[in-house]
Amino acid sequence: MVLPGHALSEPLACCHRTHVYLQDQHDAIDLTDNSVTTLANFPLMRRLRSLHLTNNHIMSISPSLHLSLPNLTTLVLTNNSLAQLGDLDPLKACQALTFLSLLGNPVREKKYYRDWVIWGCKALRVLDFMRIREKVR
């Protein structure tokens, strides 16, 4: 699959059969309702600020995500398959990340989930559509 009107670049291997080709010309990308299993293989995209991946099957996040998407501020991972707090470790390096949604992921059932994410993601201001108060930090 190639995004309409976009030249081919490096493929984003988002599932076992589909490749999405991306270039650094997008502020936001919506890959909702696909079969993405791993959040990985993004080319360097300095312009990207918002990434929406609702209703996929994401089970892991690349440790180098912060290098590929250095200015990512919004990440919506609602209704995926992230199960362990350790699965979220790569998000700690996303220094611009201010809005994160993990609603519908098994990891939300873990004890201290919210506190752990807030502690790890220093710039975060909104988690699961709930504002983070300074006294919680």
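The exercises below concern salt bridges and strand pairing in a predicted model.

The model is predicted, so local features need pLDDT of at least 70 and side-chain atom pairs count only at pLDDT 80 or more, while totals for chains, interfaces and linings use all residues. Residues are numbered from 1 along each chain as its sequence is written, and side-chain values use heavy atoms, with hydrogens and water left out.

**Exercise 1.** State how many salt bridges there are, and work out what the one between D27 and R47 ties together.

Step 1. Side chains of opposite charge can pair when their charged atoms come close. A salt bridge is defined here as a side-chain nitrogen of Lys or Arg within 4 Å of a carboxyl oxygen of Asp or Glu. The count by this rule is four salt bridges.

Step 2. In the pair of D27 and R47, the closest N and O atoms are 3.0 Å apart. D27 is in the loop between β2 (19–21) and β3 (28–30), and R47 is in the loop between β4 (38–39) and β5 (50–52), so this salt bridge ties together parts that are 20 residues apart in sequence. Strands (E, at least two residues) and helices (H or I, at least four) are DSSP runs, numbered from the N terminus.

Step 3. Buried means under 20% relative accessible area, exposed over 50%, and partly exposed in between (1.4 Å probe, protein chains only). D27, at 42%, is partly exposed, and R47, at 41%, is partly exposed.

**Exercise 2.** Place the salt bridge of D128 and R108, and classify the accessibility of each residue.

Step 1. The N to O distance between these side chains is 2.9 Å. Because D128 lies in the loop between β9 (126–127) and β10 (130–131) and R108 in the loop between β8 (99–101) and α2 (113–120), the pair joins parts that are 20 residues apart in sequence.

Step 2. D128 has 6% relative accessibility and is buried, whereas R108 has 32% and is partly exposed.

**Exercise 3.** Give the strand order of the open sheet and find its edges.

Step 1. Strands of a sheet pair through backbone hydrogen bonds, either parallel or antiparallel. Two strands pair if DSSP finds at least two bridges between them.

Step 2. The open sheet has six strands in the order β3-β5-β7-β8-β9-β10, with mixed pairing. β3 and β10 are at the edges with a single partner strand each, so one side of each has no neighbour in the sheet.

Step 3. The pairing of β9 with β10 is antiparallel, over two bridges. L127 is opposite M130 in β10.
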